[in-house]
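Work through the exercises below with the model open. Try each task before reading its solution.

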Amino acid sequence: MTALDQHHPAPRLRVVVVGGGTAGWMTAAALVRLLPTRCSVHLVESEAIGIVGVGEATIPHIRAFNERLAIDEADFMAATRATYKLGIEFTDWARIGDRYMHPFCRFGQDIGSVGFQHFWNRARLQGLGAGDFGDYAIAVAMSRQSRFASPIKQQSGITSAYSYAYQFDASLFARYLRRYSEDLRVSRTEARIVSVSQDTVTGDITGLKLEDGSTIEGDLFIDCSGFRSLLVGETLGEPFEDWSRWLPCDRAIAMPCRNEGPITPYTSATAMGSGWRWRIPLQHRSGNGYVYASAFVDEQTAMDSLVGAVEGKPIASPRVLRFAAGRRRRSWVRNCVAVGLASGFLEPLESTSIYLIQVAITTLIELFPDTPVADVDRDEFNLAINVEYDRIRDFLILHYHATERDDTLFWNYVRTMSVPDSVAEKVALFRARGRVETYARGLFLEPSWLAVYHGQRVLPEDYDLRADIVPADRLLPALERMRAEIAAAAHAMPDHAAYIAAHCAMTGVDL
Ligand SMILES: Cc1cc2nc3c(=O)[nH]c(=O)nc-3n(C[C@H](O)[C@H](O)[C@H](O)COP(=O)(O)OP(=O)(O)OC[C@H]3O[C@@H](n4cnc5c(N)ncnc54)[C@H](O)[C@@H]3O)c2cc1C
């Protein structure tokens, strides 16, 4: 035994992953790839139960996940029929007729240490006609013109100052990761789990009993069982913190359609009478769905509104999904870690669920346990995950609460509801002089908050005095130059569909 071995006797933990949806296969793939000497991975899933499979829009962090797993981008995009995503376009949110984007990029260029938004804000308050805030974002200009090119690495300037994510077929993504994981020796059992056994002294989970009477034993269990939360929720009884008083949407009707018109490099989120509707263009079809609050509209009316609004011929019957906004009080309990929907759910308005899966996996790998699990590691994991959920929750609440709409009971409710102090304080800070609260952990960063504040018509009443550094006669020409450079840079880029065709055209038979 070497000195290193003595320090780390490293038993190879038997990890059992329950569930073969996006969460299950992402977890299995990452563990087997990144901790091959520390664990073996066995995954159990039930095809009879199936997967949610509608998580189709992502945020740029997923690229780091794929890179760590050495997944080739073109291969992955072709296999999952993916498109590029530069942000989300919001329509009809603050007022009917409004339209804005939350892009994956910064706005404008800072001058010295003073953020661009303060100059724009000064120009607005002084009536200089600075134009739309979105005109200063390259990813917005690219989206409006349906253009795409990968950011140029190691270059400063407009053509490298944005990021991108993917819109893909979630079921194909799970299948892709399954093949990847099985190639790296993840073993899999297809069966329904009928009961869970626990150690009578510690309460730790020891094994899963399957419908054929056999048992699967393990040391560490990852609960990726979806909304049911079979291990952490049902077996270990971890309470669910319900946030539906702030995020009342609790249903979605999903309905894929044939593509009509251009394949946009962005996701659309259009406000509806009692929620909002998504459109996610993939290479072979578009995902569509209506996320709504059942307290304000019945299922048939919601379905009729969706069918009446979608573009393109439906290619499958509408499917209803039920959920509640919130999270488990703790995601890691005893020797069991909930990842994905088993840990909690925040509606897909900002495409954050797969990101939350990724954070859970990354944090678990950083804190990967010996046995028994150390309390400090478990506590740190739970803190990290809870902060992520709480921050996203606040960001989502802003979209609903900062509205002027009063045309339906739903919009009246969200506009007038009381919000968590953490939201009220952020909004008050921004309204005063355009300052965005920053934090070390969790989403979202300043440009995202700026996009949504401006888009939702939350505007500062005064400006940061440091913006006076630019003389009055030079401010507007400087802003106009930035706008023109951004529009021209976007115009010089390839068409999104042509870029896909050249780099990652889908494989397999069309649906
Ligand atoms: C309407 C809607 C839209 C969404 N849109 C997005 C989006 O745009 N972007 C995004 O990032 N996320 C989105 N999500 C979330 C995303 O779909 C999920 O985060 C993702 O699919 C992960 O699901 P999961 O793997 O946790 O659970 P599931 O897909 O439900 O998988 C659960 C697994 O557990 C297994 N299982 C359960 N019970 C048992 C049992 N007793 N025995 C054996 N196996 C069992 C099932 O067979 C299945 O394999 C959306 C979710 C919804 C509801």
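**Exercise 1. An aromatic cluster**

Task: Which residues do ring pairs link into a cluster?

Solution. The cluster is made of Phe76, Tyr84, Phe148, Tyr164, Tyr166, Phe168, Phe173, Tyr176 and Tyr499. Keep in mind that this is a predicted model. Across the structure there are 33 aromatic pairs.

**Exercise 2. Two ring pairs**

Task: Classify the pair of tryptophan 120 and phenylalanine 133 by geometry, then place both residues.

Solution.
- Step 1, geometry. The ring centres are 5.0 Å apart, and the planes meet at 65 degrees. Angles over 60 degrees count as edge-to-face, so that is the class here.
- Step 2, location. Tryptophan 120 sits in helix α5 (residues 116-125). Phenylalanine 133 belongs to the loop between α5 and α6 (138-144). The two are 13 residues apart, and the pair links distant parts of the chain.
- Step 3, burial. The cut-off for buried is under 20% relative accessible area. Tryptophan 120 has 6%, so it is buried. Phenylalanine 133 has 5%, so it is buried too.

Task: Treat phenylalanine 296 and phenylalanine 410 in the same manner: what is the geometry of the pair?

Solution.
- Step 1, geometry. The centres lie 5.7 Å apart and the planes stand at 85 degrees, so this pair is edge-to-face.
- Step 2, location. Phenylalanine 296 is in the loop between β16 (286-292) and α9, while phenylalanine 410 is in helix α12 (residues 409-416). The pair therefore ties together parts 114 residues apart in sequence.
- Step 3, burial. Phenylalanine 296 has 29% relative accessibility and counts as partly exposed. Phenylalanine 410, at 1%, is buried.

**Exercise 3. A lysine in a strand**

Task: Is lysine 85 buried or exposed, and which side chain does it join in a polar contact?

Solution.
- Step 1. Find lysine 85 in strand β3 (residues 83-85).
- Step 2. Its relative accessible area is 0%, so lysine 85 is buried.
- Step 3. List the contacts beyond four places in sequence. Among them are Ala57, Phe104, Tyr164, Tyr166, Pro265 and Ser351.
- Step 4. Look for the polar partner. The side chains of lysine 85 and serine 351 make a polar contact of 2.8 Å.

**Exercise 4. An alanine in a helix**

Task: Which residues does alanine 302 touch, leaving out those up to four places away in sequence?

Solution.
- Step 1. Alanine 302 lies in helix α9 (residues 299-309).
- Step 2. Its relative accessibility is 0%, so alanine 302 counts as buried.
- Step 3. The contacts are Ile253, Tyr290, Tyr292 and Val297.
- Step 4. Take tyrosine 292. It is ten residues from alanine 302 in sequence, with 7.5 Å between the C-alpha atoms.

**Exercise 5. The ligand shell**

Task: How many residues surround the ligand, and which helix gives the most to the shell?

Solution.
- Step 1, count. The shell has 34 residues, and the closest are Gly20, Ser46, Val52, Ala57 and Ile354.
- Step 2, composition. It divides into 18 nonpolar, twelve polar and four charged residues.
- Step 3, helices. α2 (22-34) and α10 (353-366) each supply at least two residues. α10 gives the most, with three.
- Step 4, polar atoms. Ligand oxygen atoms lie 2.9 Å from a polar backbone atom of valine 52 and 3.3 Å from one of threonine 22. A ligand nitrogen is 3.5 Å from a polar side-chain atom of arginine 228.
- Step 5, cover. On its own the ligand has 1,000 Å² of accessible area, and the protein covers 98% of that.

Key: Residues numbered from 1 in each chain as written. Predicted model: local features only at pLDDT ≥ 70, side-chain atom pairs only at ≥ 80, totals over all residues. Heavy atoms only, no water. Near = heavy atom within 4 Å. Polar contact = N/O pair within 3.5 Å; in protein donor to acceptor, adjacent residues only side chain to side chain. Areas by Shrake-Rupley, 256 points an atom, 1.4 Å probe, with all protein chains shown as cover. Helix = DSSP H or I, 4+ residues; strand = E, 2+ residues; numbered from the N terminus. Nonpolar A, V, L, I, M, F, W, Y, C, P; charged D, E, K, R; others polar. Buried < 20%, exposed > 50% of the residue type's maximum accessible area, 1.4 Å probe, protein only. Contact = heavy atoms within 4.5 Å. Phe/Tyr/Trp six-rings, centres within 6.5 Å; stacked < 30°, edge-to-face > 60°.
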